[in-house]
Amino acid sequence: MPSLSSQVAHEPAPYKLTVDAYHALAKAGHLREDARVELIDGVILEMAPIGWPHGRIGGRVTRELVRAVGERGFVVPNDSLPMRPWDEPQPDLVVYPASALDEASERPQAPEVLLVVEVSESSLTFDRGRKATVYARGGVREYWIVDCAGRRVEIRRGPRGDGWAETRVARPGETLEIGALPGATVDVDALFG
């Protein structure tokens, strides 16, 4: 019998779910339809409830993006974005190309999405950290974090592995432009009122 000192130490690790297994759990009724959950790194995470600052600013962001994008794309709130095998975040807003509206089109993959937006009231650290990594790893072209308390927008562009080629901050008085849609601009002031 081997001695205890010769055994290799093993830390328990979470059992990771694939996106397909996550969908199977939901289909089987193991996840409530109204549950605010996301699959991140193969783990189901319960997200914080949406507070009024998040709702109010999220509504403004939606209004301004719809105006800016026009007929060149469409804005979908709270849509899941499967990134196989381990991730299915549910961003606050996704801007899809107009071609995705065609009846015969398949769901666009993360690299085809024009913009992903998270409105951060209580999740700023998570959105800057794990979420930013997930979106970069998934190939999302552009990611905005709308910081409710800080009244600023963090912009990340050009996914590079787990990070971003470009990161900058836009504050009140500045204008944002969606990289994939030249001329599609949003005034930061309009987002915060």
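How many salt bridges does the structure hold? The structure holds 17, a salt bridge being a side-chain nitrogen of Lys or Arg within 4 Å of a carboxyl oxygen of Asp or Glu. Some of them are described below, after the fold and the cores.

This is a predicted model, in which local features need pLDDT of at least 70 and side-chain atom pairs count only at pLDDT 80 or more, while totals for chains, interfaces and linings use all residues. Residues are numbered from 1 along each chain as its sequence is written, and side-chain values use heavy atoms, with hydrogens and water left out.

## Overall layout

The chain has 4 helices and 10 strands. Both are DSSP runs numbered from the N terminus: helices are H or I with at least four residues, strands are E with at least two. The pattern along the sequence is α-β-β-α-β-β-β-α-β-β-β-β-β-α. The C-alpha trace spans about 70 × 40 × 35 Å along its principal axes.

Of the 193 residues, 42% are buried. Buried means under 20% relative accessible area, exposed means over 50%, and partly exposed lies in between (1.4 Å probe, protein chains only). The chain exposes about 10500 Å², and carbon and sulfur atoms supply 53% of that area. Accessible areas come from the Shrake-Rupley method with a 1.4 Å probe; for residues, only the protein chains shown count as cover.

Contact means heavy atoms within 4.5 Å. Among contacts with a separation of 6 or more, 54% come from residues 24 or more positions apart.

## The sheet and helix α3

Six strands form an open sheet in the order β3-β4-β5-β6-β7-β8, with mixed pairing. Two strands pair if DSSP finds at least two bridges between them. The edges are β3 (73–77) and β8 (163–170), each pairing on one side only. On average, neighbouring strands of this sheet are turned by 20° against each other, direction ignored.

Strand β3 runs antiparallel to β4 (residues 93–97), and 5 bridges join the two. Within this pairing, Pro 77 stands opposite Leu 93 in β4. Helix α3 (residues 124–138) packs on the sheet. The helix touches β5 (115–120), β6 (142–147), β7 (152–160) and β8. Its direction makes about 170° with that of β6. Axes are lines fitted to C-alpha atoms, for helices over the stretch in contact, and angles run from 0 to 180 degrees between N-to-C directions.

## Nonpolar cores

A nonpolar core is a set of buried Ala, Val, Leu, Ile, Met, Phe, Trp, Tyr and Cys residues joined through side-chain atoms within 4.5 Å. The largest has 26 residues, and Leu 65 and Trp 144 touch the most other members. Elements giving two or more residues to this core are α2 (52–69), β4, β5, β6, β7 and α4 (188–192). Helix α2 gives the most, with 5 residues.

Leaving aside neighbours within four places in sequence, Leu 65 is in contact with Val 75, Leu 93, Val 95, Leu 115, Val 117, Trp 144, Ile 178 and Val 186. Apart from this core lies another, of 22 residues, including Met 83, Val 94, Val 134 and Ala 136.

## Salt bridges across the chain

Three pairs link distant parts of the chain. Asp 20 is in helix α1 (residues 19–27), and Arg 84 is in the loop between β3 and β4. Asp 41 lies in the loop between β1 (37–40) and β2 (43–46), whereas Arg 137 belongs to helix α3. Arg 128 is also in helix α3, and Glu 154 is in strand β7.

| Pair | N to O distance | Separation along the chain |
|---|---|---|
| Asp 20 – Arg 84 | 2.9 Å | 64 residues |
| Asp 41 – Arg 137 | 2.7 Å | 96 residues |
| Arg 128 – Glu 154 | 2.5 Å | 26 residues |

Exposure varies among these residues. Asp 20 is partly exposed at 47% relative accessible area, while Arg 84 is exposed at 53%. Asp 41 is partly exposed at 23%, and Arg 137 is partly exposed at 39%. Arg 128 is partly exposed at 33%, but Glu 154 is buried at 4%. Arg 128 and Glu 154 also belong to a network of salt bridges with Asp 147, Arg 152 and Arg 156.

## The loop between β4 and β5

Ser 105 sits in this loop. The residue is partly exposed, with a relative accessible area of 30%. Neighbours within four places aside, Ser 105 is in contact with Ser 99 and Ala 100. The C-alpha atoms of Ser 105 and Glu 177 are separated by 26 Å, and the two residues are 72 apart along the chain.
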